[in-house]
Amino acid sequence: MNETARILRTHPSAVLLAAQLVTVLAYPFFDATAAGRAVIGVVQMGVVLIALWAVRRTPALSWVGLVFGAPAMVFTVLEAVHPGSDAVVLVSALLHAPFYFYVSYGMIRYLFHDERVTRDELYATGAAFTVVAWGFAYVYAAAQVLWPGSFLGVEGTDQHTWFELLFLSFTTLTSVGLSDIVPVGQHARSLVMVEQVAGVLYIALVVARMVGLTVTRAR
């Protein structure tokens, strides 16, 4: 128990990574009802709070994350209650996207802060990657409101839930290309290309640096 408490206290990046993965696994069980969406909304609020906690340990500015994080938590609940409101979805996306991108910036800056690879930095490598994927999912949600029909599913649907857009974001960022949703609008394709470049650069710069420092330290 004490060891678990120590990990939670000293490795917020690990907590953030675990919280995001648990949310991904739990989402399909709760998304069908309003009550379930409210539960997911509360969980996502917790993820935002954990992200704020994690970024406080990085060289980034905490108040910048708080400026976007506080209203994002409010709109997380509003979006769970009113998932069909374009205005709520758009404002929520415009708050969440910069918040998650700033958190990822703080974590990446943390990873480049010194020449040692600690356990928390390894957790931060995974957390920063998933945070970027979440940020682009909200970018796609905003694009879907601003430019209807931006994304087309295999069944011909052109309106997609946030979870479906998160799936698209993960498949794009990891370059596995398994998504059943494709960008058909010009703006959507531009955004997807930016995420593809971000995924390649993350592997080339961040992951490669972590591996290089680990090998150097071992030698």
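Among contacts in this chain (heavy atoms within 4.5 Å) between residues at least 6 apart in sequence, 74% join residues at least 24 apart. The model is a predicted one: local features need pLDDT of at least 70 and side-chain atom pairs count only at pLDDT 80 or more, while totals for chains, interfaces and linings use all residues. Residues are numbered from 1 along each chain as its sequence is written, and side-chain values use heavy atoms, with hydrogens and water left out.

**Overall layout**
- You'll find eight helices and two strands here, taken as DSSP runs numbered from the N terminus (helices H or I, at least four residues; strands E, at least two).
- Starting at the N terminus, the order is α-α-α-α-α-α-β-α-β-α.
- Of the 219 residues, 45% count as buried (under 20% relative accessible area; exposed is over 50%, partly exposed in between; 1.4 Å probe, protein chains only).

**Core**
- The largest nonpolar core (buried Ala, Val, Leu, Ile, Met, Phe, Trp, Tyr and Cys joined through side-chain atoms within 4.5 Å) has 52 residues, and L16, Y100, V103, Y140, F151 and W162 have the most contacts inside it.
- Helices α2 (12-30), α3 (34-55), α5 (86-111), α6 (119-146), α7 (162-173) and α8 (186-218) each chip in at least two residues of this core.
- The largest share of this core, 17 residues, comes from α6.

**V39**
- V39 sits in helix α3.
- With a relative accessible area of 37%, V39 is partly exposed.
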